[in-house]
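Thanks for making the time, everyone. I would like to walk you through one model this morning, and I will try to be careful about what can be read from it.

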Amino acid sequence: MTAKTFSPLAPPSRVLLGPGPSDVAPSVLRALSAPTVGHLDPYFLGVMDEVRAMLRVAFGTANTITMPMSGTGSAGMETLFVNLVEPGDRVLVGVNGVFGGRMAEVARRCGAEVTTVDAPWGRPLDPDDLRKATQGARFDAVAIVHAETSTGALTSLEGMRALADSCGALLLVDAVTSLGGVPIDVDTHGVDAIYSGTQKCLSCPPGLAPISLSERAMAKLKARKSKPQSWYLDLELIGSYWGSERAYHHTAPINMLYALHEALRLVIEEGLEARFARHRRHATALAAGLRAMGLELPVPEASRLPPLTLVAIPEGVEDAPVRKALLERYGLEIGGGLGDFKGRAWRIGLMGAASTPRNVMLCLTALAETLASAGYRVAGDPIAAAGAAL
Ligand SMILES: *Cc1c(COP(=O)(O)O)cnc(C)c1O
């Protein structure tokens with residue numbers, strides 16, 4: 001029997017303006033193809049130290065336990081819950097989209113007694129609602145999503161520390177879409193545990209989940225009555241590889257760490273403030289162009305997430321054919337809606353390396369042309385409106 005042969009891959013070159021992955025910088029792709037060394041090679045130990053140092057800058061923290069977990073953003077989420085939540089713990093989760101719902105589910109699977117505080121999709125969590133839920137109550141953890149990528153709403157971290165303190169809880173934050181795109185300042189906001197992913201505003205391929213834990217979170221971990229049910233995500237075990245012992249736990253994804261090193265290097269070279277301003281500027285220009293076309297942006301301006309813009313699909317226009325045309329004609333990927341917004345809105349990401357004036361203009365031009373051929377009357381001049389904002 002002769003074996004079937006397979007051709008080498010030749011992936012198309014896309015412009016990734018969806019909810020992640022985002023476009024990867026060429027130097028990050030080059031870093032991926034550098035020679036693989038051993039996970040205890042002295043050279044690699046140096047790479048690990050620099051990755052941690054740069055992650056501390058990106059998160060705005062001096063936390064000792066700051067490192068990338070092997071796995072995507074969801075592995076970061078799971079890491080926090082399996083380590084910091086014990087069976088019977090009381091956990092308060094803010095839910096204003098898919099990822100808040102996922103945190104509640106993961107917490108339940110850890111045996112927590114979960115209370116949710118819900119907010120409408122497309123809105124940030126309401127601090128008053130959170131305050132009501134914590135009043136006179138005790139919780140072990142309060143968990144919120146900073147940047148809800150399923151809707152494009154940003155919940156401020158301001159006041160969250162006081163809220164967690166008022167009910168004796170650790171403060172857990174999902175920063176998958178905020179890291180590298182929106183200010184986080186872990187130490188200023190008193191966040192106890194935070195996780196992110198590499199494929200959103202860091203513009204690295206998916207595969208690692210940066211996390212950071214405060215001393216208070218580590219104390220809770222050390223005081224556990226039982227071991228975390230996940231061996232792979234057990235922070236005490238992994239901590240002894242990333243710590244001074246360098247004890248083998250699992251083989252680190254060497255080349256992904258090279259890529260993250262380069263992605264973080266680019267973040268620091270650009271400067272955090274400049275990078276946040278770039279994300280804001282391009283999101284403002286995109287919004288101006290979309291509005292000029294007569295399209296509606298369901299998230300109120302004050303809580304709009306610069307890396308991700310939610311835009312309502314106009315009456316009479318079908319979701320899937322438009323996204324298919326954008327991909328086939330322009331190599332442009334935008335995201336469909338999730339949950340409440342499925343079939344009703346698109347999600348346009350301008351994350352990391354993809355947040356450029358060129359992509360703003362390409363997206364507006366391609367969308368205007370595609371909508372016009374779908375029978376939608378494009379009202380104004382999106383290019384002029386975006387140009388004025390740029
Ligand atoms: C993308 C995302 C996740 C999940 O990350 P994966 O890398 O897909 O596992 C979690 N939370 C938020 C806010 C996200 O945007």
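I will take the cysteines, then the nonpolar cores, and then one pair of helices.

Please keep in mind throughout that this is a predicted model. Starting with the cysteines, there are zero disulfides in the structure. Cys-201 takes part in none, and the cysteine sulfur nearest to its own, which belongs to Cys-204, is 13 Å away, whereas a disulfide would need the two sulfur atoms within 2.5 Å. Cys-201 counts as buried, because its relative accessibility is 0%. Cys-363 is likewise in no disulfide, with the nearest cysteine sulfur, that of Cys-201, 16 Å away, and Cys-363 is also buried, at a relative accessible area of 2%.

Turning to the interior, the largest nonpolar core comprises 86 residues, and those with the most contacts inside it are Phe-44, Phe-81, Leu-84, Leu-172 and Leu-213. If we take Phe-81 and set aside residues up to four places away in sequence, the residues that it touches are Val-91, Met-103, Val-106, Ala-107, Cys-110, Ala-143 and Leu-172. There is also a second, separate core of 29 residues, which includes Val-15, Ile-313, Leu-326 and Ala-368.

Finally, how are helices H10 and H13 oriented relative to each other? The axes of H10, residues 272–292, and H13, residues 382–389, come within 7 Å and cross at roughly 155°, and the two helices are therefore roughly antiparallel. Their crossing is right-handed. On the H10 side the contact involves Thr-284, Ala-285, Ala-288, Gly-289 and Ala-292, which meet Pro-382, Ala-385, Ala-386 and Ala-389 of H13.

How values were computed:
Residues are numbered from 1 along each chain as its sequence is written. This is a predicted model: local features need pLDDT of at least 70, side-chain atom pairs count only at pLDDT 80 or more; totals for chains, interfaces and linings use all residues. Side-chain values use heavy atoms; hydrogens and water are left out. Buried means under 20% relative accessible area, exposed over 50%, partly exposed in between (1.4 Å probe, protein chains only). A nonpolar core is a set of buried Ala, Val, Leu, Ile, Met, Phe, Trp, Tyr and Cys residues joined through side-chain atoms within 4.5 Å. Contact means heavy atoms within 4.5 Å. Axes are lines fitted to C-alpha atoms, for helices over the stretch in contact, and angles run from 0 to 180 degrees between N-to-C directions. Helices (H or I, at least four residues) and strands (E, at least two) are DSSP runs, numbered from the N terminus. Angles under 35 degrees count as roughly parallel, over 145 as roughly antiparallel, 65 to 115 as roughly perpendicular and the rest as oblique. A crossing is left-handed if the near helix is turned anticlockwise from the far one by less than a right angle, and right-handed if clockwise.
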